[in-house]
Amino acid sequence: MRRAQLAPWLWPLAPCRSLLGQHMGTTETFSASFFGSGDLLSGFTNTFQAKPTTAQVPITIRCRTHCHAISFLAAGTNLSQAGATPAGNKEDVERRHRRAEACAGSVARSYAAVSDQHIRHATVERFLWEIRHEKPFRFTPQQLAGFTGKYATRLGAGGFGAVYRGSLPNGLTVAVKVFHASLDRRSGEEQFMAEVGAIGRTHHINLVRLFGFCFDDALRALVYEYMEHGALDAYLLGGRGRDAGIPALRDIAVGVARGIRYLHEECQQKIVHYDIKPGNVLLDAALTPKVADFGLARLVNRADTHVSVSGVRGTPGYAAPEMWMQSGVTEKCDVYSFGMLLLEIVGRRRNFDEAAPESQQWFPKLAWIKYESGELMELVVPTSGGENGGGAATAQMVERMCKVAFWCVQQQPEARTPMGAVVKMLEGEMEIAPPVNPFQHLMATPVVANPWLTMTTTSANTASANGISETSIEIVSL
């Protein structure tokens with residue numbers, strides 16, 4: 001066995017983070033080691049065979065992480081000499097080098113699917129460890145059809161797609177979000193890239209985890225961890241949430257706040273979600289909340305103070321006022337949405353209920369009125385066990401949650417509390433100043449001069465000077 005340096009035509013293979021496999025039809029064996037920058041290329045060594053011919057030689061590249069192989073043909077390979085110089089004249093050698101580099105570059109840029117066998121033979125812990133430390137897996141449409149039993153169990157649907165329950169070959173339960181085929185190409189690609197680009201690079205206990213994806217002409221889908229209790233809005237409004245006391249609801253609110261704080265303050269690039277609402281918060285078996293649905297999210301440089309957005313983003317009732325003006329926005333739009341979400345957690349109801357009496361239809365305004373009158377506990381819905389959340393500690397918790405919400409939904413973005421301070425306030429680590437009425441612009445009677453009355457009075461004075469009777473002036477005024 002003879003050792004040789006990696007051939008120049010194999011240099012482009014280094015960035016693909018793979019091992020060189022065995023050549024077919026070999027006559028000679030030798031070892032090669034190659035290195036690159038960072039942890040992507042460190043210490044890759046493999047023994048492979050070389051065929052000293054100028055014919056096209058199939059080469060197998062094996063991915064260390066996913067244990068799958070990609071094969072392609074490199075032309076004019078002659079590795080029988082130390083240094084591995086391709087045969088032929090100089091022009092022919094250069095031409096073959098260019099062809100091999102282009103082929104290798106396309107392989108390096110590809111993202112091959114992970115095999116079922118690899119998933120099946122790996123333990124769940126190892127599988128999760130790889131997901132936590134590596135990129136999301138790529139699946140094929142056939143694999144997703146098998147994971148979901150041909151999409152037999154539908155968990156829900158949204159504007160961009162439907163979600164189905166599935167199971168990986170190792171038994172891990174997942175949720176598969178399939179994008180609507182009716183979406184135009186641009187919208188579908190933007191939604192897909194936003195979700196993968198945002199959640200694919202984040203790891204936090206209060207953010208839903210992306211296991212993998214499928215990007216194919218026939219199917220575009222995302223594979224997430226499965227959340228047993230589903231969306232927060234269904235939990236609050238359904239029968240399951242009736243047993244949760246105020247402390248449990250406060251813990252859910254704190255978890256959501258921590259997830260948003262991570263997006264705003266702890267990621268390398270700031271991530272603005274743009275669509276925080278109860279329907280986009282999922283609960284696992286332990287009622288741990290996880291922020292989900294990053295289809296509208298944007299990655300923002302920390303040096304940027306405002307972000308220009310194209311079109312209206314967010315959901316009416318949760319989106320901040322500045323979102324509808326389509327002007328420069330900041331991460332404070334997520335703070336506003338969280339404030340509205342927090343009020344729904346307190347009341348266990350939609351912020352707008354058309355079936356309620358007129359004075360109680362919009363819950364945020366009702367909550368402020370109860371806060372000013374010291375009657376916040378009237379907003380607390382009794383649990384199924386008959387508890388109404390009584391007690392000084394519970395009352396203090398409800399007041400703290402409402403005060404934080406009122407600071408979050410201030411009309412001016414600059415007046416809203418940053419998410420880092422929101423977490424501290426909810427956890428009781430920071431005192432909360434008495435909030436300013438965030439709905440003053442909606443509740444106060446505007447003092448505006450009546451221009452029509454002024455015009456009528458002017459006309460009346462002119463008419464009086466011309467000898468018209470006061471009776472006719474009164475008729476004009478009416």
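## A tour of strand 10 and helix 10

Begin by selecting strand 10 together with strand 11 (residues 220–225), which run antiparallel and are joined by five bridges; strands here are DSSP runs of E with at least two residues, helices are runs of H or I with at least four, and both are numbered from the N terminus. Two strands are taken to pair if DSSP finds at least two bridges between them. The model is a predicted one, in which local features need pLDDT of at least 70 and side-chain atom pairs count only at pLDDT 80 or more, whereas totals for chains, interfaces and linings use all residues. Residues are numbered from 1 along each chain as its sequence is written, and side-chain values use heavy atoms, with hydrogens and water left out.

Staying with this pair, follow the chain from strand 10 to strand 11, and you will find that they form a hairpin with four residues between them. Pick out Cys-214 next, whose bridge partner in strand 11 is Ala-221.

Now add strand 6 (residues 137–138), which pairs with strand 10 in the parallel sense over two bridges; here Phe-137 stands opposite Gly-212 of strand 10. Switching to a surface view, consider strand 10 (residues 210–215) as a whole: five of its six residues are buried, so this strand is largely enclosed by the rest of the structure, where buried means under 20% relative accessible area, computed with a 1.4 Å probe on protein chains only.

Move next to helix 7 (residues 246–266) and helix 10 (residues 392–408), which pack at an angle of about 30° with their axes 10 Å apart; axes are lines fitted to C-alpha atoms over the stretch in contact, and angles run from 0 to 180 degrees between N-to-C directions. The two helices are therefore roughly parallel to each other, a term for angles under 35 degrees, while those over 145 count as roughly antiparallel, 65 to 115 as roughly perpendicular and the rest as oblique. To display the contact (heavy atoms within 4.5 Å), select Ile-246, Pro-247, Leu-249 and Arg-250 of helix 7 with Thr-394, Met-397, Val-398 and Met-401 of helix 10.

Finally, keep helix 10 and bring in helix 9 (residues 363–372), which packs against helix 10 at an angle of about 125°, with the axes 11 Å apart, and which is therefore oblique to helix 10. Their contact is made by Pro-364, Ala-367, Trp-368 and Tyr-371 of helix 9 and by Glu-399, Lys-403 and Phe-406 of helix 10.

Conventions:
Buried < 20%, exposed > 50% of the residue type's maximum accessible area, 1.4 Å probe, protein only.
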